Amino acid sequence: MDPFFLVGAVLCALSLILCVAAVVTKTYPGDAAIVSVAVVELFLVVYGIGAGIRQAGGEAVRGEPWEFWGYLATALIVPVAAFWWAIADRTRWSNAVLAAVPVTIFVMLFRMEQIWNGAPFS
C-alpha cells in the first residue's frame, strides 16, 4: 500500500470528522470545515506532483495512465466546487456538501491506488 494513499486516507477521515461536526453545530459554513477541505485539496496537488515525479522517474502506472490522471484531475475539481458552493450558500447544508468531499476523494484515492498498482479487480 502506497504511503500517499495512507496519508490521504487519514486527511480525508479528519476532514470528514470536522465537516460532520460543522453540520451538527453550525448554521453557516464552518471555518474548520472549509480549511479541512482546503487541506485535502493541497494534499491532492502534492499527490499529483509526487505521482508525476514517480512516473517521470520510471515508475510505471500498471493500469491505464489516462484513467489515473483523469481521476486525479476530477478529484482536484471536487473540493474547489464544494468551496464555491459553501461560499454561495451560507446555510447548514453547505457543510453537508463540504462533508461529501472527503468521502468522495477517499473513494477516488482508493481507485487511483488500484490503477497505480494494477489491482486484480481494477
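# A walk through four helices

Start by selecting Gly118: this residue comes just after helix α4 and takes a positive phi of about 65°. Helices here are DSSP runs of H or I with at least four residues, numbered from the N terminus. Before going on, note that this is a predicted model, in which local features need pLDDT of at least 70, side-chain atom pairs count only at pLDDT 80 or more, and totals for chains, interfaces and linings use all residues. Residues are numbered from 1 along each chain as its sequence is written, and side-chain values use heavy atoms, with hydrogens and water left out.

**Stop 1: helix α4**

Now step back into α4 by selecting residues 92-117. What span should its 26 residues have at 1.5 Å a residue? The expected value is 38 Å, and the end C-alpha atoms are 39 Å apart, which agrees. The expected span is 1.5 Å times one less than the number of residues.

Stay in α4 and pick Trp116. Is this side chain buried or exposed? Trp116 counts as buried because its relative accessibility is 3%; buried means under 20% relative accessible area, exposed over 50%, and partly exposed in between, with a 1.4 Å probe and protein chains only. Show what surrounds Trp116: leaving out residues up to four places away in sequence, it touches Ala51, Arg54, Gln55, Glu59, Ala60, Val61, Arg62 and Phe68. Contact means heavy atoms within 4.5 Å. Try a distance too: Trp116 and Glu59 are 57 residues apart in sequence, and their C-alpha atoms are 9.5 Å apart in space.

**Stop 2: helix α2**

Next, select residues 31-56, which form α2. From first C-alpha to last, the 26 residues of α2 reach 37 Å, close to the 38 Å expected at 1.5 Å a residue. Colour the buried residues of α2: Ala33, Ile34, Ser36, Val37, Val40, Glu41, Phe43, Leu44, Tyr47, Gly48, Gly50 and Ala51. What do they pack against? Their partners are α1, α3 and α4. As you look along a helix, remember that an α-helix has 3.6 residues a turn, so residues three or four places apart point the same way.

For a contrast, choose Val45, also in α2. Val45 counts as partly exposed because its relative accessibility is 37%. The C-alpha atoms of Val45 and Phe68 are separated by 14 Å, with their positions 23 residues apart along the chain. Following α2 you will find Gly58, whose phi is positive, near 110°.

**Stop 3: α2 beside α4**

Show α2 and α4 together. Their axes come within 10 Å and cross at roughly 15°. (Axes are lines fitted to C-alpha atoms, for helices over the stretch in contact, and angles run from 0 to 180 degrees between N-to-C directions.) That angle makes α2 roughly parallel to α4; under 35 degrees counts as roughly parallel, over 145 as roughly antiparallel, 65 to 115 as roughly perpendicular and the rest as oblique. By class, this contact of α2 with α4 has 14 nonpolar, two polar and one charged residues. Here Ala, Val, Leu, Ile, Met, Phe, Trp, Tyr, Cys and Pro count as nonpolar, Asp, Glu, Lys and Arg as charged, and the others, Gly among them, as polar.

**Stop 4: α2 beside α3**

Swap α4 for α3, residues 65-88. The axes of α2 and α3 come within 9 Å and cross at roughly 160°. That makes α2 roughly antiparallel to α3. The contact of α2 with α3 has 15 nonpolar, three polar and one charged residues. Among the residues that meet are Leu44 and Tyr47 in α2, and Phe68 and Trp69 in α3.

While α3 is shown, select Ala86. Ala86 is buried, with a relative accessible area of 0%. Leaving aside neighbours within four places in sequence, Ala86 is in contact with Pro29, Ser94 and Leu98.

**Stop 5: α1 beside α4**

Finish with α1, residues 3-25. Its 23 residues reach 33 Å from first C-alpha to last, close to the 33 Å expected at 1.5 Å a residue. Which residues of α1 are buried? They are Phe5, Gly8, Ala9, Cys12, Ser15, Cys19 and Ala22, and what covers them includes α2 and α4.

Bring α4 back: α1 and α4 pack at an angle of about 165°, with their axes 8 Å apart. That makes α1 roughly antiparallel to α4. By class, the contact of α1 with α4 has 18 nonpolar, four polar and two charged residues.

Definitions and conventions:
Helix = DSSP H or I, 4+ residues; strand = E, 2+ residues; numbered from the N terminus.
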